[in-house]
Amino acid sequence: MDLDHVSDDLTHVLYSQADIERRLAEVGAQIDRDYAGRELLLVGVLNGAVMVMADLSRAMRSHCEMDWMAISSYGSGTQSSGVVRILKDLNTDISGRDVLVVEDIIDTGLTLSYLMSNLQSREPASLEIMTMFRKPEALQNPIDVKYVGFDIPNEFVVGYGLDYAGRYRNLNGVGTLAPHVYS
């Protein structure tokens, strides 16, 4: 879906499809260089990372495997329960493997910190993070991120995997959601 189809729902566009494609090509090339001659396992975090994972893997020139996890730190409401649950675990044994966790966005970093600790306990050969978007102002837990698509302001953004109430994930770019949509 094009950003102009929902322009009334956005206060402004942060990144267009072309911006995202250009940045993914750069990140994909860097990953190819860093993992040259090694077999890389991409681990996507559902649901948001679907777009990033698909486009990143196509931007890479080397072979990679893919697997998926789904985690949640929320109960039935909008406040974090403080308990992180694995809703869908990996199908792949990562012991001794080079693993790159692929995320759509890092904001507070609390859930991702738990995930990284969980995956590290499985003894991969290496474990790194790639995120398409990062909100440095929102970070509450320091996380070492090897590959960042874009640092963005601490605003309510949607598109390219990021949703509000299940909508806007399929936008081909990213924009700030207008308050009238969620208030």
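## A guided look at the predicted chain

Visitor: How many helices and strands does the chain have?
Guide: Welcome! Keep in mind that this is a predicted model. Its secondary structure comes to four helices and nine strands.

Visitor: In which pattern do they follow one another along the sequence?
Guide: Strands and helices are both part of the order, which begins with β-α-β-α. Read from start to end, the pattern is β-α-β-α-β-β-β-α-β-β-β-β-α.

Visitor: What is the radius of gyration of the chain, and what does the globule rule give for 183 residues?
Guide: The chain is as compact as a globular protein of that length, because its radius of gyration is close to what the rule gives. Along the principal axes, the C-alpha trace spans about 50 × 40 × 25 Å. As for the radius of gyration, both the chain and the rule come to 16 Å.

Visitor: What share of the residues is buried?
Guide: Let me set the outside beside the inside. The chain exposes about 9,300 Å², with carbon and sulfur atoms supplying 46% of that area. Of the 183 residues, the buried share is 45%.

Visitor: Among contacts between residues at least 6 apart in sequence, what percentage joins residues at least 24 apart?
Guide: Good one to ask when thinking about the fold. Contacts here mean heavy atoms within 4.5 Å. Among those joining residues at least 6 apart, the part that links residues at least 24 apart is 64%.

Visitor: Which element gives the most to the largest nonpolar core?
Guide: In soluble globular proteins, nonpolar side chains tend to be buried together. The largest core here has 26 residues, and I20, I31, M130, M132 and F133 touch the most other members. Elements that each supply at least two residues include strand 1 (10-15), strand 2 (40-46) and strand 6 (126-134). With four residues, the element that gives the most is helix 1.

Visitor: Which residues does M132 touch, not counting those up to four places away in sequence?
Guide: M132 is one of the core members with the most core partners. Its wider list takes in charged residues too, among them R23, E103 and D104. In full, M132 touches I20, R23, L24, V52, E103, D104, G149, F150 and Y160.

Visitor: Is Y160 buried or exposed?
Guide: Y160 sits in the loop between strand 8 (157-158) and strand 9 (174-177). Its phi is positive, about 50 degrees, although Y160 is not a glycine. Buried means under 20% relative accessible area. Y160 has 5%, so it is buried.

Visitor: And A165, is that residue buried or exposed?
Guide: A165 also lies in the loop between strand 8 and strand 9. Its phi, near 55 degrees, is a positive value in a residue other than glycine. At 67% relative accessibility, A165 counts as exposed.

Visitor: Where is N47 found, given the cis peptide bond from L46 to N47?
Guide: The bond from L46 to N47 is cis, with omega near 0 degrees. N47 itself is found in the loop between strand 2 and helix 2.

Visitor: Which residues is S72 in contact with, leaving aside neighbours within four places in sequence?
Guide: S72 has its place in strand 3 (residues 64-74). With a relative accessible area of 13%, S72 is buried. Its contacts are V83, V84, R85 and L87.

Visitor: How far apart are the mean positions of the positive and negative charges?
Guide: The chain has 15 positive and 26 negative charges. Their mean positions are separated by 3 Å.

Definitions and conventions
Residues are numbered from 1 along each chain as its sequence is written. This is a predicted model: local features need pLDDT of at least 70, side-chain atom pairs count only at pLDDT 80 or more; totals for chains, interfaces and linings use all residues. Side-chain values use heavy atoms; hydrogens and water are left out. Buried means under 20% relative accessible area, exposed over 50%, partly exposed in between (1.4 Å probe, protein chains only). The radius of gyration is taken over C-alpha atoms; the globule rule is 2.2 Å times the number of residues to the power 0.38. Accessible areas come from the Shrake-Rupley method with a 1.4 Å probe; for residues, only the protein chains shown count as cover. Lys and Arg count as positive and Asp and Glu as negative; His and the chain ends are not counted. The place of a charge is taken as NZ of Lys, CZ of Arg, CG of Asp or CD of Glu. A nonpolar core is a set of buried Ala, Val, Leu, Ile, Met, Phe, Trp, Tyr and Cys residues joined through side-chain atoms within 4.5 Å.
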